[in-house]
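Trainee: Could we go through this structure together, strands before rings? I'd love to hear how you reason about each point.

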Amino acid sequence: MKMLPTKDQIRQWILDNPTLTGKRDIAKAFGITGDGRIDLKRMLRELEAEGAVEKKSRRYREEGALPPVSVLLVLPPDSNGDLFAQPLEAGDTDTPPRILIMPQKGDTALAGGMKILARLTPVGGQDYGYEARLIRALGSNPLKVIGVYRAASEGGRILPVDKGSDKEWRVARDHDGGAKDGELVEAEQIGPKRFGLPQAKITARLGDPSGARAVSLIAIHQHGIPDHFPDAVIAEAEAAKPVALGKREDLRGLPLVTIDPVDARDRDDAVYAMADPNPKNPGGFVIWVAIADVAHYVRPNSALDREARKRGNSSYFPDRVVPMLPDVLSGDLCSLHEHVDRACMAVEMRIDAQGQKLGHRFTRGLMRSQASLNYAQVQDAIDGRSDAKTAPLLDDVLRPLYAAYAALKHARALRQPLDLELPERKIILDDDGKVTSVSFYERFDAHKLIEECMILANVAAAEELVGLKRPLLFRVHEEPSQDKLESLREVAEASGFTLAKGQVLKTMHLNRLLSQAAGTEFDELMNISTLRSMTQAYYNAENFGHFGLALRNYAHFTSPIRRYSDLIVHRALISGHGWGDDGLSAWDIENLDDTAKQISDTERRSMVAERDTTDRYLAAFLSERVGNEFAGRISGVQRFGLFVRLQETGADGLVPIRSIGREFFHYDQDAQTLTGSDSGLVLGIGLRVTVRLAEASPLTGGLMLDLVGLEDGPLPQGGRRGGRYQPRKPGKSAEKAAKTARKVHRSRR
C-alpha cells in the first residue's frame, strides 16, 4: 500500500493548490485509495482541529486563507488609478486583506461598489495579499420578489410574502403589468431606491393570494422551482412508446406488487419475496426489487435529460407535485401500474435468516405488477382484515414479504442506524384546497418493510458499481463535527444522560443516548438536539459512507422517476453490464461532480419550499383560532425570542422576547437558553410551555405567540418592582429544566 503523506505534506499541498482542495483531489494527488481514504479523512480532521486548515463547503484551505474563488466588493480607484477589492467573506480575521484586481483584455468595466466573482492568487512581498482576476460581474440578474400588489393613484406597492421581510417595493403605473389591487404577483427590481423603496416591475400575475391553491404556488415561484416544461421536453415525452421484451429478462411471472401511500402520484418500485429454495440457506429469503427503467426514456443530453438534471428532483406539496419528468412518463409509461407491462431495472437479492445479504444479481427486464396496494391496506391484511384485493395475495405475496422483513429487521438491529423519532405532519385538504385537519402520519410495519427493501437494493447498487469500477453518485452522510458533537454531549450530560467520549462515534452511541431519554421529559429535547448535530446528506462522486444509516456503500437506485441521482446510478449499471447505448455518457462522467452539487442544491431547494408551504397551510388552518391557548415545547432559542412547536399540529411559532416580560433576558448561544435577570427564569429547548396564538399570517406562514405558562403552571408573577418580575422559586419541572440549562452553561465556560 502506498505510504501516506505527513500532515505537513498535506498542509503544504493545500497551500500550493488552492483550487484543488477537496478530499477527492487530495487523495488523487497522493495516490491514496481504498482504506487509505479513511486515514486521510482522520488526518484532515486532525489538521482542522489543530487550526492548520479550515473546512469550507467540503473543501480545505490554509487557516485564515480566502477561498480560491471569492465574491469581492470593488473599492473606488486609489490615487494611482488601481482598483482594489475586499472580500465579502473575510474569514476569521478582523482586517480584510487587500486584493489587487488584475484587469484582462475583454473584461467588463469595473467601478467602485460593484460585486464580482473573481479567482484569487496569494502573493507575497507586496502591500496587498492577493491578486484577483475577474470571472464575472455579479448583479446582472435582477432581484425578484413574490408579493401582494396594492394599487394606488400613481402606481402601487408590493407587500412581500417572505416571513423574514417587511420591505415594500414601489411599482410605477407603466410597470404594473395590468395587476389588480390585492393580486399575488411576481416582480423584479428595475432601478435604484426612490422615496426609500426599491422600484419594481411586475412580470407575472399569480391570482388571488387568499385562494388555497395559491399557497404552494407562492413557494414554487419564490424558490425558483421550474414548473413549466419546455415544448421540446413535452414533445420528447409524448413520442415515447411502451417497451417490448426484446433482450430484456422476462420477469412478468414474478408476483411483484407496489406498496405506496394511498395518494401516491407515481409508482417506481415493486417488491416480491419468497423463502430461499437453496438448502444451504435455511431460513433465508430471496427478495426482488424492481424499479422503473427511466433511463430507457430519458437519454443522455436529450431535452428530457437536460430538464430533469436542471430540476434535480420532484417537489411535493399537499395540493400538487412539481415533477422531474412530464406526467406522460412519471404518471404513465414509467409508473409501475398494475396489470400492464413495464420496463424495469431489477435486483434479486439473497439474505440469510439473520437478514445479512449473501449476494445479489442485477438485470434489465420487463415486469407486470400484480397489484397496486397502499400501506394501510397491506397492514390491515396482515392484521386479519383482508379485502378483495389483498386476500388472494396474502399467503403467497404479503406474508413472505413480512417474513423477509423480520430477518431484515434483525440485521438492522445489529447495524443500528440512527433511530430518531421524528413524526411527519399530514395536512388534509378539501376539494377547494382548504385545510380541514392536521395530523401525523401513522407508521405501519408496511412502511418499514418497503424502507428496508429499498435500503438493501441501494446498498446492492453501490456495491455492484464499486465492484465494476464504474463512476456513480454516492449518497453521502458524514458524521457530526466535533463542535456539534461536544454541544450534544453537554446537553446530554446536563439532562442526566451520558454520551461517551474518547471513541470513534457510531450511531449505536447516539441510539443509546436516545434510548436513555425515551419516555422522560427530555425525550423531545434529545431528539431535537441529536437531529441538529447531524450534517446534511448530499450526493458525491467520492464515497465517504453514510453515517446515519451506518453503511459504508450507499447510492440511490430506487426512485429514478423523482430523483436524478437514481437515473445516474441506472445509467452506470447499464454501462457496467453492457445493456444498451443509453448508459453513462462521456459528458455524464466528466461532469459528475457538477451534477452532484447541482442535485444536492435542488434537493435542499425543494425541502425549503415544501417546508414553507407547510408553514403557510398551518398558519391558514390556525388563523381562525387566534386567541386560543396551545400546549407546546420550546424548539429553538434566539436572542430575539423563542420558537415553540405546538403539540397539536407540529407548527412552529415565535414568542418575541419583548412579550415574555419586562426584565432583561440574558441569551446564552452555547446553552441555547434565555435567563431572566431578575426572576431567574430559564427558558431552554425542550421545556414544555403553554402559549396563546396572537397572530397567524397565511400569506407568510408566520405565527406569533404569547408565552402564558410553563409546564407546571403560570409564568412567575409575584409583585413587580419597576415593571420587572420578582424572583420566585420555580416549580419542580421548571426547576429541573433551569438546573439543566445552568449545567450546560457552566460546562461551556
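Mentor: Happily; the questions below deal with strand pairing and then with aromatic rings, and please keep in mind that this is a predicted model.

Trainee: In which order do the strands of the closed barrel run?

Mentor: The barrel has 5 strands and its pairing is mixed. One parallel pair in it is β5 (residues 99-101) with β7 (residues 130-137), joined over 3 bridges, with Ile 99 opposite Tyr 130. The full order is β3-β4-β5-β7-β6.

Trainee: Which strands stand at the edges of the open sheet of 3 strands?

Mentor: That sheet is antiparallel and is ordered β29-β30-β31. An edge strand has a single partner, so one of its sides has no neighbour in the sheet. The strands that fit are β29 and β31.

Trainee: Which residue in the turn of the β29 and β30 hairpin has a positive phi?

Mentor: β29 (residues 665-668) and β30 (residues 673-676) pair in the antiparallel sense over 4 bridges, and 4 residues lie between them. In that turn, a phi of about 55 degrees belongs to Gln 672.

Trainee: Which residue of β31 stands opposite Thr 675?

Mentor: Thr 675 in β30 faces His 666 on the β29 side. β30 also pairs with β31, in the antiparallel sense over 3 bridges. There, the residue opposite Thr 675 is Val 682.

Trainee: Now the rings: is the pair of Phe 84 and Tyr 128 stacked or edge-to-face?

Mentor: The ring centres are 6.0 Å apart, and the cut-off for pairing is 6.5 Å. The planes meet at 65 degrees, and angles over 60 degrees have their own class. The pair is therefore edge-to-face.

Trainee: How many residues apart are Phe 84 and Tyr 128?

Mentor: Phe 84 is in strand β4, while Tyr 128 is in the loop between β6 and β7. Phe 84 is buried at 9% relative accessibility, and Tyr 128 is buried at 13%. This pair links distant parts of the chain, and the separation is 44 residues.

Trainee: What parts of the chain do Phe 362 and Phe 557 tie together?

Mentor: Their rings are edge-to-face, with centres 5.4 Å apart and planes at 90 degrees, and both residues are buried. They are 195 residues apart in sequence. The parts tied together are strand β20 and the loop between β25 and α14.

Trainee: Which residue's charged end sits over the ring of Phe 84?

Mentor: Phe 84 is the residue whose ring also pairs with that of Tyr 128. A charged end lies 4.0 Å from the centre of the Phe 84 ring, and it belongs to Arg 98.

How values were computed: Residues numbered from 1 in each chain as written. Predicted model: local features only at pLDDT ≥ 70, side-chain atom pairs only at ≥ 80, totals over all residues. Heavy atoms only, no water. Pairing = 2+ DSSP bridges. Helix = DSSP H or I, 4+ residues; strand = E, 2+ residues; numbered from the N terminus. Phe/Tyr/Trp six-rings, centres within 6.5 Å; stacked < 30°, edge-to-face > 60°. Buried < 20%, exposed > 50% of the residue type's maximum accessible area, 1.4 Å probe, protein only. Lys NZ or Arg CZ within 6 Å of the ring centre and 35° of its normal.
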